[in-house]
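Please look over the sequence and the model that follow, and then read on for a guided walk through a strand of chain A and the surroundings of the ligand.

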Amino acid sequence: MDKITERLAEIVGKDYVSTSAEERFIYSRDQGVQQPHMPDYVVLPDNARQVQEIIHLANNDSIPVVPMGGGLVLSGLTIPLAGGIVLDMKRMNRILEVNESSHYAVVEAGTSQGMLDAYLKKHHPRLKHSLPDAPPAATIAGNIAIHGSGHLSQSEGGFHSEMVTGLEVVLGSGEMVKLGSCSTVPGWFSRAPLPDLAGLFLGWNGTTGVITKVGIKLFPRPRFHDVLIYMTEDIDIAPDILFRIIETEVAEDINYALSPKPDYLNGFQMIVINLVANTEIELNMKKKIIRDALYDYYKTKESGFMPLPPAMKGDFLEAPQKALSKFADVKKGGGFEYVGAIMPVEKIPDACREGVRITDRYGITYSLGARIIGRGHSAMFFFAYPFNRADTQDIEKVSHALEDTNAAALKLGGIPWKTEVSGQKLILEQMEPQTSSLMMKIKSLLDPNGIMNPGNWEVK
Amino acid sequence: MDSEYTDIIHRCFRCGWCKLPTTYQDFNCPAYLKYRFESFASGGRMWLIRAWINGEIEASERFNQILFSCVTCRNCVEACALPKIKDKLVDIFIAARQDLVDQGNIPPAVRDYLKAMTVNGNPYKMPQEQRGAWAEGLNIDRYEDQEYLFYAGDVGSYDELGMKMARSTARLLKSAGLSFGILAEEETSDGNDVRAAGEKGLADYLAQTNIETFNNKGVKKIITLSPHGYNAFRNEYPALGGQFEVYHYTQVLNSFLGDKIHTGRYEKKVAYHDPCYLGRWNQEYFAPRRILGSIPGLKLAEMDRNMNNALCCGGGGGNFFTDILGTGPDLSSRARVREALSTGAEVIAVACPQCYKMLDDAVKDEGVQDRIRVSDIAGIILESGMK
Amino acid sequence: MHELKFDPEICKSCTSCDCIMKCQYIDLESDQAKSEHAKLVAGEDSSILHDCVTCYACEEYCPFGNHPFYLIVERQEQRGVHPAPKPLEESQVIMMGPKGRIKPKELSPPVMNMCFFTVMNGGIRGSLFEGVSKFGGSDVFCNLMFLHFARNSTIRQRLPLMIENIMKNFLEPAGAKELICYHDECYGTYTSWAPAFGIDVPFKPVHLFDFIYNRLVELKENIKPLGIKVAYQRPCSNRLCPQTDHFVDDIFSLIGAERPKREFEYENALCCGGVPEAQQRFELTEEIQHKNVEDMKASGAAYCVFNCPFCFWTLSEPVLKAGLIPIMMSDLCLMALGE
Ligand SMILES: Cc1cc2nc3c(=O)[nH]c(=O)nc-3n(C[C@H](O)[C@H](O)[C@H](O)COP(=O)(O)OP(=O)(O)OC[C@H]3O[C@@H](n4cnc5c(N)ncnc54)[C@H](O)[C@@H]3O)c2cc1C
């Protein structure tokens, strides 16, 4: 055992440090197409103190540290590009507090989405948090650290990072700080009215510090749930249809999808509208409101609602949606990666065309789609490309397609989300220099030795 | 490894559904729960086996630990998001172990276990003549031409708690007037866990020995004490030429209730723990619950994770004998005891001698003997005072 | 090729116009009905083309067997009237289309065609179906559902191939002359639509209920009379073969089920609501389902038995909410057999 391993073992216990080939192999790669790179150590802290000690150690010895939650980001953001320590946060998964009246929960960073959902279902059945469609093993902190989005992003106020009510963070420099109301009073209810420092850790891919605790907003969990699916062949009417649905103010989640598989859906766009209600009457009323909002469209028979017998609704009512993970097996190959671009809603039609063009160019298949964020304030448009993990050419094609897609998304006026390092470079190149320079100043303030997830958000 | 497996191993996405139950409460993979490295979850295991096949990593001590810590509980099979590969996950882990066994590259504890099985015919290194010792004083006939064979298995024959459970069960079968007999020293290990540990050759040999004995004696119907034996007889033996009608003892007792068996009252809150080899492997979730539910006074509690989502005791896949999972508060058996306690139950009811011992030890490790204890279903019926 | 056998002269001399007057969804006075129908016959635009819910019932109402419904569908298609949204229609055309993926299978009579409903294979079990060989899927699918989409052309185009597939791949190798139709839409295709369009059917179609009835007679000893009241959801396709409706009563009398008196029964049966929903007529859908289920409830029925799986999927939720148990006919019979 080398000195550092020994030190790490003293901090977290020897069972929770590994330098074995097996762990280094697994933690060197994720599920997407990014090149693997080995960590030197994989460390599993149990609490914020330990995280702090690890960061101190890493600063002393200039060892890179890559925080990792579920490791499900797909775009390589937890691959230790410069080696060093991968800090797997999932032992820190205690649910610390649920405040029913003020609708928030405080959890340790590594708490999984699934666990929080199950916990709320059992102990606070009238409340829920906004679940992403990521596999349930994804973590709360990993998701907010990249501005994730999910089932309540449309109806309840946007990206999951906007639902953060407070944070506890170990900075890259090793200080532990609290942000939001919890910094001043006991409750974790709000980031306002204080200067908003939480933003220094949201969207930063773990380059400014390690989040150790998260306060997250909770919302009512109505008892009734249903789904409507609107189908059209005309890409260009999508923004207006979305506008009309949003205008009703009764849709919980709105997703748009276009996929060449199965063949009977090729070329048909589906707008999936999830509805919730506290009573059946309310649910039926909401369905009627949505249908009426689209009457001008469906009366022409050019587009319309798909009849959905209850037995066929199951998959659409599920959260998280397993179907998205299943997409990895489209090429019988255990892989997909996507460019998720945050973009204006009106760009959806062009984004679809661009996605089809790029995939045609590389001869690969796709699933395109968008989740509406906020009341139509933007969309998270995904260009998802499956690949066969055992086929290097396929992986190559998908890598190129993803690069082209990042560039195309920017050209369309969108911004690639949780993007690979190459995509981050494209963004930084296009960013106003004053902005990127401010970013770098902040990074060097919070992480003076540049140990935090190096390679990410870097201007060379 | 069989091409049936190597053709699909790259299809695992390692998306982590396999770590949780389908209801997400907490990590439900005993090996992952204990070690917490991605490498110990089913997805990690799949990727490592593939890397090993492709020559990217070697079969080190750690690799062996990762492979042999799988308790074959099939939670991953239940939870996996990919319908085209999910059923094969555990089969692939067992096949990889088999390759390691064939290469003689296995953890010492596994080697010792397999050696004992080969040399002594049981993992306890006990004499074969003592296989029937559990039945002493019960006046149980040897199997001749009775309707049923009651098969006690390794744990039921040699483990203290297993023997207690075998005795309780046999007493109930007798009092119900069932025509059955036992094989005692003529019994051979069912081979279920040897197979799960990757020693297919030995498992086949044990199975063939049993099949021959059963056939020679004209056995048609078998009642097993252990779900592990139940699984082997039901799912493995037919392909080797052993066609028997197989029952787990809870299924038989369930059919006797209110007819051949009348229980007394049992004024306790009881949480039932599903054994993997009865539940996820063989979809029998209800017989044990019906028995418990029919006992007057008994309040049946469900743990958060139950039936197809039950957390394994950690004893499957040979781990009961090899103890690769070791010790510590994150042992699934201890987590299970805590989960049972949180229901307010005073008793954990088990239907498997391995679960019995695992959970009984865990109650002691947790230091909660004063709050909860473990009892098997036959034992509970007897305690209720039969009418 | 395969022109509809329709005689305009019959309609001209018809005084009752039952096809429209008996319709439960089109509400026209007698004079209006006749004039709208005359327009239909003449190939002009008519409100009927737009208001028809495609429930098939007029095929049963016409006393002359002059195929009023098939005519509506012809005219809708000729005039480009789309009862359901076009993307829905187009995707159904692809989804239900022949895939050329027939798996050879050893069959022996009796042979059953599951139609597109191979997901219901599990229902074909127990002594009721012992010895039955089955096949199904998009390559042997009657395609009659395209009547709901104004697409006689699709049926015309596909049916001969389907019949050939059935004969060559299944019936001939099995040496079977008869084909049990799991779905009475197939039965209606072979006994009504195909003859109306001059397509030969080289086998004898057997209605599922006909088969079940005869099996039950054989198994009579094993039947434990159910002693329950059961409402029957008559599907649209049964309008093409009303001569088989008596089997429901015959089966009920064998299994000891009572078919309570209802308003929306026999000729007055109501659509399950699936098709009007596809037509985007949501209020009508709700209204029909409500009337139908309330009527079942008022009849005192404890169960609602289905013939068509699509009706089952569409209506079982409203039926359950009304406190009745939805069940397929085969399962109801298995229940009586104690299986
Ligand atoms: C099938 C599928 C569906 C998906 N659907 C969605 C979706 O609907 N919505 C959505 O938002 N995402 C989705 N994703 C993307 C991604 O899985 C999720 O955003 C997920 O929540 C990321 O969380 P994680 O814990 O896996 O993060 P990781 O992948 O572990 O980490 C993501 C980033 O955050 C950093 N990080 C992690 N933990 C910390 C910490 N404690 N402190 C500081 N930095 C940290 C990492 O360094 C990395 O840069 C999906 C992914 C898949 C595979």
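In what sense do β13(A) and strand β17 of chain A pair, and over how many bridges? In this predicted model, β13(A) and β17, which spans residues 367-373, pair in the antiparallel sense over four bridges. Strand β13 itself comprises residues 253-258 of chain A and is mostly covered, with five of its six residues buried. β13(A) also pairs with strand β14 (residues 269-277) of chain A, again in the antiparallel sense, over six bridges. A:Asn255 illustrates both pairings, since its bridge partner in β14(A) is A:Val272, while its bridge partner in β17(A) is A:Arg371.

Turning to the ligand, there are 38 residues around it, of which A:Pro67, A:Gly69, A:Gly70, A:Thr139 and A:Ser149 come nearest. By class, this shell holds 21 nonpolar, 14 polar and three charged residues. Several elements of chain A each supply at least two residues of the shell, among them strands β3 (65-68), β10 (209-217) and β16 (334-343), and the helices α5 (140-144) and α10 (322-326).

Polar contacts can be followed atom by atom. A nitrogen atom of the ligand lies 2.7 Å from a polar backbone atom of A:Ser149, and a ligand nitrogen is 3.2 Å from a polar backbone atom of A:Ala134. A side chain takes part as well, for an N or O atom of A:Tyr338 is 3.0 Å from a nitrogen atom of the ligand. The protein covers 99% of the 960 Å² of accessible area that the ligand has on its own.

As for confidence, the model scores ipTM 0.97 and pTM 0.95.

Conventions
Residues are numbered from 1 along each chain as its sequence is written. Chains are lettered from A and ligands numbered from 1 in the order in which they are written. This is a predicted model: local features need pLDDT of at least 70, side-chain atom pairs count only at pLDDT 80 or more; totals for chains, interfaces and linings use all residues. Side-chain values use heavy atoms; hydrogens and water are left out. A residue is near a molecule or strand if one of its heavy atoms lies within 4 Å of it. A polar contact is a pair of N or O atoms within 3.5 Å; within protein, one must be able to donate a hydrogen and the other to accept it, and residues adjacent in sequence count only if both atoms are side-chain atoms. Accessible areas come from the Shrake-Rupley method with a 1.4 Å probe; for residues, only the protein chains shown count as cover. Ala, Val, Leu, Ile, Met, Phe, Trp, Tyr, Cys and Pro count as nonpolar, Asp, Glu, Lys and Arg as charged, and the others, Gly among them, as polar. Buried means under 20% relative accessible area, exposed over 50%, partly exposed in between (1.4 Å probe, protein chains only). Two strands pair if DSSP finds at least two bridges between them.
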